[in-house]
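Reader: I'd love a close look at one part of this model, with its surroundings explained as you go. Could you walk me through it in one connected answer?

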Amino acid sequence: MASSVARYKTDVWSDWCPGCGDFGIVAAMQKAFAELDLDPAQTVIVSGIGCSSKTPHYIHANGVHTLHGRAIPFATGIKLANPRLTVIVNGGDGDLLGIGAGHFVAVGRRNVDITVILHNNQVYGLTKGQASPTLRRWEQVKSLPRPNIQDAVNPIALAIASGYTFVARGYSLWVDHLKELIKAAIRHKGTALIDVLQPCVTYNNLYTADFYKGRLYKLEEEPGWDPIVHEPSIDEIDEKVARAWEKALEWGQRIPVGVFYVNPHVETYEERIAKLNPLYQEKPIALQEIEEEGAPAISREDFMKFFSKYIVEVDRR
Amino acid sequence: MPLRDLLLLIGGPQGSGMETSGQILTSALARRGYGVLSDREYYSNIVGRHSYVHMRISSYTIPRSLTYPVHMAGFIDAESVFTHTFDIASGGWLIYDAGTDPIKITRVPSMEPQVRDRLLEKYRSHGIGESIKDVVEYLEKEKGVNVVPLSFKLILNTLRQKYNMTLGQAQRFRSTIIFAAMAALLGLDPDSVNYGIERRFRGREKVIEMNKFLASKLIEDIRGDYGTPLALEPSSIEIERLLIATGNDMVGMGKIVGGLRFQSYYPITPAADESTFLESHESLVIDGEKKGNILVFQTEDEIAAIASAIGAGLAGARSATATSGPGFSLMVEALGWAGMNESPVVVTYYQRGGPSTGQPTRGSQSDLLFTMFASHGEFPRIVLASGDPEEAFYDAINAMNYAERYQVPVIHLLDKFLANSTFTVPLPDWGRIRIDRGKTLFEADGDFKRFDKSEPISPRPVIGSGAITWYTGDEHDEYGHITEDPINRLEMYEKRMKKLEIADREIPEEERAKLYGNGKDFLLLGWGFVKGTALDALEALEERGLKGAYLHLRMFIPYPSRMVREILESYGVGRVIAVEHNIMAQASLATTMNTGFKVGKYILKYTGRPIYLMELVDAVQRIVEGGEDKVVLTYGE
């Protein structure tokens, strides 16, 4: 049951530069939401800081525009408090892989059921074009006074190494292709990364639409490409990780997009909590009753029982 | 004549079980209705450095301060005997390992050079030699200390033979020797000691049996030789039940009763014990009835800790994070986000010695001004501070109430002394507990004006309520969308700050500051753990003819300005003395800022050790009678 794309649009004017790759990402998200018929009131877009992090304001769903680098921990808190919500993180390459890299890694270790959409344009746009963590060594985009002398982080490889269970790459100008990746990522149970290559029309004169034209190819069109772990055996996981890794390293004349790796067999953080604590599954902690008419749900008698270990009954003899 | 009030010290290398000795004694004493307070002083170390428990026992009241000298000391190793040579009262009792007699102070590798040099200088001036034997002889002959030399080796050998254990295994029972010897001199009955053992080692039958065997044998032997010279009079405290808990535990209990559902943390001393406590109580199934569950979330750093707690709060869970100075330093940017987004979150802040790593395991009150001003820009926050275990419990609940009622970040300040001390505490009074969720909505719909300007405190539908809301750290309109419009800026800025005026009107000043006593000779102005010592000092000073009062500050934002100004002015500048664990007298500066009253007399301590009763009493006399302006306290190793 699909709903209309209009349902996910706000009347806030997008102040991105004309031609910005972010437009394609928002369009792909809105289309994906419509096709999945997501309830905007039960969907949360969480972002960091930067051009791409303005995304929540342009999507008609709950939006939480947080701090530079911190979208993932905010999103994690929201999701763990109420796992019934669909939680999506939007952030730039500087946000997620520079200042927020620790959180980018940590969420993979937990396999929290959220989707991370990485807006990857190799520059810090909103601060006028500095090198981001995905710009390669000796590359010099136009506002750099000298070439970049730091190496790039490989988002796909880092996500796989960190334990993400769905890892894909899209391209902001291939909206329908990206839409399908977003749908698959949201449907996936566990932490999902979509590394979205996007031209920055103002500050990135190297990775332009022209650059990507002819270089990008779709993994799913490669004969025999199957990124999904079907049986959770060590052998199959090793093989799929190795193949994904090999593809992650490809850059230059041929750049792959599509799904690199999917392992649907890893339990999510929420499932791990529920295993330890079955109540967690019955009712999200955010919705549990903690009081009645201002009186705590835990009575004095409950307290005496619950903390009996700490209570000494005085026996004077 | 039986004693009413008694102080003792248990010392040994970190990891040798002094805390266990203290816990067993505390349980045994509480069982018979005595009040107990103990401070634990330890290095930032896992095993081997000098550590001790400083305990006060009372038959007539629940103790609230510690002092020196002590009536009884039990030491596991030579370093403790050296370190605390001058802490034992004339006529007091010393229990120690006679096997350490030949050890010289210059041969204790774990002792810090400064401590050794300071002690050696004192030994020289008192004509004491360098060995344990020399020190013990001095104590016995010059100070009239009664010495109970025990051969730990022989005692542990009997245990090894009976239970066929290695020397290493037997070493664990050194703590048993100490508590048993102390119980003997205190005249504690065997049943109460056994109760203490069973309570400590719950479910570990073999350990219980071995402890009971060794303890009962030692008690019999020692009592045969020395009698019960430190017997306590029966307790006259009218109480049926006592909680035995640390400050960390009390906050944890308060949070559970108050409906906490999400606690995030990154491990840090002295805060982590609270999160561990909560993790042990995550499942609130009581008598088969499901009351819910708490999620304790260990994060990758303190930034993620506060960010996830704010996130959980947006979704409607009562949420908090617990930390200390270095952790809070990392949290401040997110604190501002919570302020800007009118999001409830509680930061439970256990102060330790700073700056930087400072003194991780030592106490301090040096972060008050930091919490009041942390993060850029201006936004409302509430800062409250607890001074004893009961305040810690109720404050933990109220902090969550304030956070939701006023939609602000709340910082609940405690310090290491309160966090790590063990107390006997009366059970909470349920009549004092209310849960107030303010304008939190769990059902709503449509695009919602989350920041509706028509009132300073807007209705707050949680994410998932059915409403659609937006949040941003940018200045925003009523829907939470970014706007830089100057008029909206002014209105939103004022809307946020007005919430503080409402809190100032609604929270009674009597709950934010409390005046104890009515003597007019002086007024002590303090906060946090200073409370108990200050209250006992009032009584002790009254016996010396000085009648004073203590003004206990509980909330710094919003500050109870009217009440405090009136009280301070009634004393006048010359008679108000700030008592604090920092060098700047931070609470007095906050007071000046809020009342215009300039404090001019100070009693300060910043060695990392608690303020002891005898030094506070002495300092007040020096100021009130001797005319001094400032006294810096230094007692304690």
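Author: B:G259 has a positive phi of about 95 degrees and sits just after helix α10 of chain B. This is a predicted model, so please read what follows in that light. Helix α10(B) itself covers residues 247-257, and 11 of its 11 residues are buried, so the helix is largely enclosed by the rest of the structure. Among those buried residues are B:N248, B:D249 and B:K255, along with B:M250, B:V251 and B:I256.

Next, the strand β7 of chain B, residues 241-246. Strand β7(B) pairs with β13 of chain A in the antiparallel sense, over three bridges. Within that pairing, A:V312 has B:L242 as its bridge partner. The wider contact between the chains draws 57 residues from chain A and 71 residues from chain B. On the chain A side, the elements that each supply at least two residues are β2, α2, α4, α10, α11 and β13 of chain A. Helix α2(A) gives the most, with eight residues. Sorted by class, this side of chain A holds 33 nonpolar, 15 polar and nine charged residues.

Back in chain B, the domain assignment lists domain 1 (5-226), domain 2 (244-432), domain 3 (440-506) and domain 4 (510-633). Another enclosed element is strand β16(B), residues 409-415: seven of its seven residues are buried, so this strand too is largely enclosed by the rest of the structure. In a regular strand, side chains alternate between the two faces of the sheet. In β16(B), B:P409, B:I411, B:L413 and B:D415 point one way, while B:V410, B:H412 and B:L414 point the other way.

Strand β16(B) has parallel partners. Strand β13 of chain B, residues 345-353, is joined to β16(B) by seven bridges, and B:V347 is matched with B:I411. Strand β15(B), residues 382-385, also pairs with β16(B) in the parallel sense, over four bridges. There, B:V383 stands opposite B:I411. From β15(B) the chain passes through helix α15(B), residues 389-406, to reach β16(B), making a right-handed β-α-β crossover.

These strands also bring us to domain 4 of chain B. The centres of domain 2 and domain 4 of chain B, taken over C-alpha atoms, are 26 Å apart, and 21 residues of domain 2 are in contact with 20 residues of domain 4. On the domain 2 side, β14, α14, β15, β16 and α16 of chain B give two or more residues each. Strand β15(B) has the largest share, four residues. By class, this side of domain 2 has 10 nonpolar, seven polar and four charged residues.

Finally, chain B has an open sheet of six strands with mixed pairing, in the order β23-β25-β24-β27-β28-β29. Its edge strands are β23(B) and β29(B), each pairing on one side only. Neighbouring strands in this sheet are turned by 15 degrees against each other on average, direction ignored. Edge strand β23(B) pairs with β25(B) in the antiparallel sense over four bridges, with B:A513 partnered by B:L553. Helix α20(B), residues 561-571, packs on the sheet and touches β23, β24, β25 and β27 of chain B, its direction making about 30 degrees with that of β23(B). Helix α21(B), residues 586-595, packs on the sheet as well, touching β24, β25 and β27 of chain B, and its direction makes about 130 degrees with that of β27(B).

Terms used. Residues numbered from 1 in each chain as written. Chains lettered and ligands numbered in written order. Predicted model: local features only at pLDDT ≥ 70, side-chain atom pairs only at ≥ 80, totals over all residues. Buried ≥ 20, exposed ≤ 12 C-beta atoms within 10 Å, placed from the backbone. Pairing = 2+ DSSP bridges. Right-handed = clockwise from strand over helix to strand, strands pointing away. Contact = placed C-beta atoms within 7 Å. Nonpolar A, V, L, I, M, F, W, Y, C, P; charged D, E, K, R; others polar. Axes fitted to C-alpha atoms, helices over the stretch in contact; angles between N-to-C directions. Domains from an automatic or database assignment.
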